[in-house]
Amino acid sequence: MKKSFNIAVLAGDGIGPEVMQEAIKVLHALEEKSGIAFHFNEALIGAAAIDATGDPLPPATLEACLEADAVLFGAIGDPKYDNAPDLKVRPEQGLLGLRKALGLYANLRPVVCYPALVQASPLREEIVSGTDLLIIRELISGIYFGQPRGRSEDGNTAFDSCVYHRDEIERIAHLAFGYAKGRRGKLTLVDKANVLATSRLWRETVTAMAPSYPEVQFETLFVDNAAMKLIQQPTAFDVVLTGNLFGDILSDEASVITGSLGTLASASVGIETSLFEPVHGSYPQAAGQNRANPMAMVLSAAMLLESLGLTAEAGHIRQAVDAAIQAQVMTEDLMQGKASTTEVGDFIARYISERAMTSNF
Ligand code: IPM
Ligand code: MG
């Protein structure tokens, strides 16, 4: 089995570098005990890259990602670029360009309600308890990338195009049926087929595939109805498959169920490589203050390890995060936690080192 891995590290903006530092700390703790070596190759992305090079996705960054076994990504976005509609270069272009260039077609966002955090949710315990769902969002097509897009000559009309090809839908639907098979055997396609032509193609294509997966119970739901049901009865969902924009919105909504965006990790499965990032953004209000929750970043690193076949090591990270929650070593976003970013990272890394000595993994 391979013992050495190259990881491209794109910390990005805002709290990105702080939470990334904790994820690297945790990976170092694993390295020391497991004999696995990680080679970290840091590269610029987003506002940090614009400031340094003028380009939100410098060629060297793309090269580092293409050479890597996997990419670990922090966060992107800076308020100084948010309210300037005339800007030609935006930090977000770095992430969107990277997704496209690496062919990261499926974004997997698991939403799990930890028993110890059930009180952190704004929803009642009997609603959220037992939630364990996986949102699979199409990531490199749809209205995010469709052409034509832009403004009319007089500047008074703007337009975006939502475009999907049957092949793109089939590719991600196979992945989603596969995940549903390995979980509780339920797949919900979320669309707006009562209005949109692209949604009707999704529904036709995925419905036609369903008989090939007889062990999966397949259903369809309109996105407005799904938005409501996610909050009313989140335990009714297992795997949710949806397009780019609906997935963006529903995954933020679903994060509320767990009480904090600060614990949610994601994986973007790609053709060239895969990328792992927290669902939260760059949270500029907290940047540089050592108070952001590093758990989502650390759990993204666990998903990265799983993708490399390092499931035991990933399991140790998950155990250590659970232990931090049990011990109430949590940042302020979780039930008035008192710990800082670095304290949470230190606890998780130390737990891994100490456990490793006794369990000899
Ligand atoms: C996400 C983010 C991005 C998206 C932004 C930063 C472009 O909201 O990863 O969900 O809309 O995809
Ligand atoms: Mg989003």
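**Ligand 1 and the two domains**

In this predicted model, a polar side-chain atom of Arg-99 lies 2.7 Å from an oxygen atom of ligand 1.

Me: Of Arg-137 and Tyr-144, which has a side-chain N or O atom 2.5 Å from an oxygen atom of ligand 1?
Reply: For Arg-137, the distance from a side-chain N or O atom to an oxygen atom of ligand 1 is 2.8 Å. The value of 2.5 Å belongs to the corresponding pair formed with the side chain of Tyr-144.

Me: How much of the accessible area of ligand 1 does the protein cover?
Reply: Ligand 1 occupies the space of the largest pocket, and on its own it has 320 Å² of accessible area. Of that area, the share covered by the protein is 77%.

Me: How many charged residues does the shell around ligand 1 have?
Reply: The residues surrounding ligand 1 are Glu-92, Arg-99, Arg-109, Arg-137, Tyr-144 and Asp-248. By class, one member of this shell is nonpolar and none is polar, while the charged residues number five.

Me: How far apart are the C-alpha centres of domain 1 and domain 2?
Reply: The domain assignment gives domain 1 as 1-108 + 266-361 and domain 2 as 122-258. Between them, 12 residues of domain 1 are in contact with 14 residues of domain 2, and the separation of the C-alpha centres of these domains is 25 Å.

Conventions
Residues are numbered from 1 along each chain as its sequence is written. Chains are lettered from A and ligands numbered from 1 in the order in which they are written. This is a predicted model: local features need pLDDT of at least 70, side-chain atom pairs count only at pLDDT 80 or more; totals for chains, interfaces and linings use all residues. Side-chain values use heavy atoms; hydrogens and water are left out. A residue is near a molecule or strand if one of its heavy atoms lies within 4 Å of it. A polar contact is a pair of N or O atoms within 3.5 Å; within protein, one must be able to donate a hydrogen and the other to accept it, and residues adjacent in sequence count only if both atoms are side-chain atoms. Accessible areas come from the Shrake-Rupley method with a 1.4 Å probe; for residues, only the protein chains shown count as cover. On a 1 Å grid over the protein atoms alone, a cavity is a set of points where a 1.4 Å probe fits but cannot get out, and a pocket is an open set with protein on both sides within 12 Å along at least five of seven lines; lining residues have an atom within 4 Å of a point. A molecule sits in a cavity or pocket if more than half of its atoms lie within 2 Å of its grid points. Ala, Val, Leu, Ile, Met, Phe, Trp, Tyr, Cys and Pro count as nonpolar, Asp, Glu, Lys and Arg as charged, and the others, Gly among them, as polar. Domain bounds come from an automatic or database domain assignment. Contact means heavy atoms within 4.5 Å.
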